[in-house]
Amino acid sequence: MQNELSVGFMGSGRFAARCLELLSGGLRPSWVVTNAPKPSGRGLKLQNTPVWDTALALGLPTFTTERLSRDDERIEWIKAARPDVILVIDFGHLVKEPLLSLPRYGCINIHPSKLPQYRGSAPIQRALMDGVTESAVSIFRLDAGMDSGPILAQPPLVIEASDDVNSLFEKAAASGTEALLSLLCGTPPESWRFTEQDETKATCAPKIDKNEGRIDWNATAFEIVNKIRGIGTAPGVFCMARGKRLRVHKAEAVPAAALACGALRITENGPVVGCKEGALLLKEVQPEGKKPQPASDWARGARLAEGEVIE
């Protein structure tokens, strides 16, 4: 039997939007707060957050804030609403007092990592880049720190070799919202049990910098594949070929014999690049100023030479 809880939702990013969509199938928040639109793209057109678009599609009352900690009007409005629980997911704001203590049962977060591992804004990306195969999704109560509050539930999250940032986002959102809905709708809040995090095991998952996408051919082929899985197309993984940027969207680690780091071998399956260990079979690339294309088409069009080096 569903608990009669009043729930507010605060979030902004793509992960938050997917969680909101899944959550609303079992428990519709009373209201949603998200970031105000920001200029984006070459034309600097104002862009709504993914949560704004999702909330409006769901017909939920939706409000924006520039900076919640200094938005006295919005804070007073939330005080007046006085929800039992505020769900804070992928919001981009550090929630402080008085909001932390305002809801009767606290501010609850879904974080896609096995906390205290991978605290921060890019847990899924960093786990993939590190080649992690077993993780979790953490349901926890916010405190004054960064992803440091006590854990309420932590369902496991298996990371397959075929997973990339998009598929793992979906798996984590589905697992996290299922666990959260079970708590919100099936377990009395008085029965919730929290476990403090072990600070000695804490690691960080900072936002991906675009310069991290540069391929180092002195890494192993598996490390480069994991970089591609984790960073994805935004901000993207790239190398330099004949002085121009070449984005690498898809690649596969393959064995290689006597192939220098960065050196090309042209095969029937596509171009292969030597690495510190093994080699990288390029499968989909995007030359500078062009659309994504099969790497074999790029190799033929560019008339790549056997042994040519890319950086």
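**Exercise 1. Find how many bridges join β1 to β6, and which way the two strands run.**

Start with the count: 5 bridges link β1 to β6, and the strands run parallel. Strands here are DSSP runs of E with at least two residues, helices are runs of H or I with at least four, and both are numbered from the N terminus. Two strands pair if DSSP finds at least two bridges between them. Next, pick out a residue pair: V7 stands opposite V85 in β6. Now turn to β2, which is joined to β1 by 3 bridges, also in parallel. There, G8 has W31 as its bridge partner.

Before going on, a word on the input: this is a predicted model, where local features need pLDDT of at least 70 and side-chain atom pairs count only at pLDDT 80 or more, while totals for chains, interfaces and linings use all residues. Residues are numbered from 1 along each chain as its sequence is written, and side-chain values use heavy atoms, leaving out hydrogens and water.

**Exercise 2. Work out whether β1 is enclosed or open to the outside.**

Check burial residue by residue, with buried meaning under 20% relative accessible area, exposed over 50%, and partly exposed in between (1.4 Å probe, protein chains only). On one side sit V7, F9 and G11, on the other G8 and M10, and all are buried. That makes 5 of the 5 residues of β1 buried, so the strand is largely enclosed by the rest of the structure.

**Exercise 3. Lay out the open sheet of 7 strands and say which helices pack on it.**

First, write down the order: β5-β2-β1-β6-β7-β9-β10, with mixed pairing. Then look at the ends: β5 (62–65) and β10 (151–153) are the edge strands, each with a single partner, so one side of each has no neighbour in the sheet. Neighbouring strands are turned by 25° against each other on average, direction ignored.

Now add the helices. Helix α1 (residues 14–23) packs on the sheet and touches β1 (7–11), β2 (31–35), β6 and β7, where a contact means heavy atoms within 4.5 Å. The direction of α1 makes about 140° with that of β6. For such angles, axes are lines fitted to C-alpha atoms (for helices over the stretch in contact), and values run from 0 to 180 degrees between N-to-C directions. Helix α2 (residues 50–57) lies across β1, β2 and β5, at about 165° to β5.

Finish with the β6–β7 pair: 2 bridges join β6 (residues 85–89) to β7 (residues 107–111), running parallel. One bridge partner pair is I86 and C107.

**Exercise 4. Take two loop residues, D164 and T220, and decide for each: buried or partly exposed?**

Locate D164 first, in the loop between β11 (156–158) and α5 (165–186). Its relative accessibility is 33%, so D164 counts as partly exposed. Leaving out residues up to four places away in sequence, D164 touches L128 and R229.

T220 is in the loop between α5 and α6 (221–231). With 12% relative accessibility, T220 counts as buried. With that same sequence filter, T220 touches C275, K276 and E277.

**Exercise 5. Zoom out: what do the totals say about the chain?**

Count elements: the chain has 7 helices and 17 strands. Then burial: 50% of the 311 residues are buried. Last, contact range: among contacts between residues at least 6 apart in sequence, 65% join residues at least 24 apart.
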